[in-house]
Amino acid sequence: MEPTTHSAESPIATNPTIFQGRVQFSGQAGEFFGIWIVNILLSILTLGIYSAWAKVRTYRYFYGNTQIDGHSFDYLATPIQILKGRILAVVVFVIYSLVVQLLPLIGLLFALGFLLAMPWIINQGLRFNMRMTRHRNVRFAFSGNYGDAFVNFVLLPIASVFTLYLLLPYALKRMDQYLHENISYGNKAINVNLKGETYYMAALITIGVAIAGLVIFGIFVGISGVAMSVGNVDPGNLNVSTILFPVLIMALYIAFLTLLSAVYQSIIRNHIFNSSEFDDVASFKSDLKAADYAILLFTNALAIIFSLGMAYPWAKIRRARLLAKATEVTIYSGALAIIDTAQQEQSSFAEEAANVFDIDISLT
Amino acid sequence: MSDFPITGCYYYPNSSQHQQCSAIVTDDNLQLVDAQQQLLVSSSLVNCQLESPLPGIASAISFSEGGRFVPQDIHFRWPFAPDKQRLTERLEKNKALILLSIILTPLLLWFILYRGIPAIAVYSVSLASPNTVENMGEQVLTVIEKVALEPTKLSEDQQSALQLQWQTMLKQLNLDTAKFRLSFYKSDYLSANAFALPHGRVVVTDELVKLLNDKPDALRAILLHEIGHVEYHHGIRLTAQAAASSIVLAVIFGDLEGITEVVLGSGSSFLQQAFSRDMEREADQYAIEKLIALGYSNHDFADAIEALQTRFNEQAKLDDSWLEYLSTHPSSQERIDYARQYKPK
């Protein structure tokens, strides 16, 4: 878990490496459990109002425990900003539900309006989250515009439906490219160069795993289905096998889904990190293994189910730890000369409100 | 103040530059000095800002010029921090409170989701104008019609005979004949089934009428069961409870990864099913009580469930829809036994 030694070799002579090592995550499940459960109790007792404070404390805990070269991240949003956003979201949701119920035609217009507003909401939310993220006293920023967001998040996904989803990996690549290439760290913009073929390869591998999984799943269901019709003559009578069977199917279903999402996500995550760089400042490497990630997600899901949710803090901590461990950062000397440019701009109410939709690029 | 000097890292204003240094607090002043004893920052304590302390996180201090000092020791807390600010952290580290939260949280959630929210929903619907409730109910029916219903194929005679029975029954029970309406539809999708909408419309499928053709009192029992759903506002309570629990779960479990969401979604639908089983029992009881009050028998209800169960068993050989049915309804045998052994109070 110790950072690997400060590497002496540098890729370019004028740009010496000052640090190379894994991202450190030092959160403790026991410690976070206390924060989590007490914050839930306080949120319930205040009829949800405290949940804004709870969110900020949770984010601060995870950001503060994530370190690169001994420097942690900071989450800067204030509870009042989160609370304002949540109140607005509730008001919009209530108006929307009433309109849909009472005037379905206008509800349809609402849905269309939401489609048009979505790119804007995505931008505002990302802007807020990036600005609220700080490392070494320098904040991140997001600079996407409406037009690009509209193409990537509305037009391309719709177009991919009409191409029998053949365009979908390309659309996903464009979304990820957009989400990441507009990030900057202080006055330093990021360079992201995602490749479409990796997305198509990831999709093919995931589909391959899915087909293999379905074949095995089908054999299993076939065998147990036969076993059950022999063992269980009276379906009106609930016996052990009628209860066990759905539970087993459920467990297999979860295992199947975790495996698929782990395969796809690990390929894509590695690709994004390996293709992103702040020139002269930092480069990244991710070597998340699909099998490790699948086992983690599956055991997390089982733990949460069997503990009736109480294992959630533990699950969240060990996921953050695994992702941090799979991420290597190299920092170059340019990192010492970054200037925070976001200082003067105040975050707007629109950004705070859009933050409710929780658009997030996880840094860990 | 024997802790001082405190070692840590000073971050320059608006810049990624930083410097290892030590902090010294004297009276109402804080000074940062580097290893060469050079003074980096000197600030009066009133101009320093402390974040709310968080377990496991170093307590950073911000200066008015924009610089920040982060102590190396994550457990270090500034002695001049106001007690009020440290309260939350104390609560979060308090073992007794953590234990209490583990017990209280599920109880409070259960109470709010299963008692509070449904009651509030029923109350707010009672405040809404009858017209609004009527419109909403009819709209829901229109949607179900499009998805799952076809016009009835029952003969005019049979329909009017059943409508006449329905009207008589409503009058006997002193129920509003304008509110409670009976409609027939053919439905391949729902098969032999009946359902009620919150504004008082009860829908019966042709398949159910045919199934209970020679047991008119059993059909009556099912209609009473559906009236029970309306009288107890089950639809409204269920909808409110579903909406509230998805919001509450989202807040508690925050940013969930896709898979956990699936898990919790099914968790909440399990709860949902438990809730809906309780409602079925409530409606069963209503139906049986009214059957007896009208001079019929509690066995009529048992007959109805038995007939439905026999049909489900036949269907179960074709598909596994019974699995779903079993989870939202109490077991048929339990309902039949309950009806057969029912003793009027």
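This passage goes through the helices, the nonpolar cores and the annotated spans of a two-chain model. The model is predicted, so to speak on paper only: local features need pLDDT of at least 70 and side-chain atom pairs count only at pLDDT 80 or more, while totals for chains, interfaces and linings use all residues. Residues are numbered from 1 along each chain as its sequence is written, and chains are lettered from A, with ligands numbered from 1, in the order in which they are written.

Chain A comes with eleven helices and twelve strands, and chain B has eleven of each; helices (H or I, at least four residues) and strands (E, at least two) are DSSP runs, numbered from the N terminus. Of chain A's 364 residues, 37% are buried, and for the 345 residues of chain B the figure is 30%. Buried here means that 20 or more other C-beta atoms, placed from the backbone, lie within 10 Å of the residue's own (exposed: 12 or fewer; partly exposed: in between). Taking contacts as C-beta atoms within 7 Å, and looking at separations of 6 or more, pairs 24 or more positions apart make up 70% in chain A and 56% in chain B.

On the annotation side, an unreviewed UniProt entry marks residues 33-53, 89-122, 149-168, 198-223, 243-264 and 293-315 of chain A as "transmembrane region"; such annotations may be inferred rather than shown by experiment. In the model, residues 33-53 of chain A are 76% helix and 0% strand, with end C-alpha atoms 16 Å apart. Residues 149-168 of chain A are 75% helix and 0% strand, and their end C-alpha atoms also sit 16 Å apart.

Helix 2 of chain B (residues 95-127) has 33 residues and should span 48 Å at 1.5 Å a residue, which agrees with the 45 Å between its end C-alpha atoms; the expected span is 1.5 Å times one less than the number of residues. This helix has a kink of about 35°, centred on Ile112(B), the bend being the angle between axes fitted to the seven residues ending there and the seven starting there. Its buried residues include Leu113(B), Ile117(B) and Pro118(B), and the buried set packs against helix 1 (29-45) of chain A together with helix 7 (234-252) of chain B.

The largest nonpolar core (buried Ala, Val, Leu, Ile, Met, Phe, Trp, Tyr and Cys joined through C-beta atoms within 7 Å) has 79 residues, with Ala262(A) and Phe69(B) making the most contacts inside it. A second, separate core of 35 residues includes Leu149(B) and Val209(B).

Technical notes: Contact = placed C-beta atoms within 7 Å.
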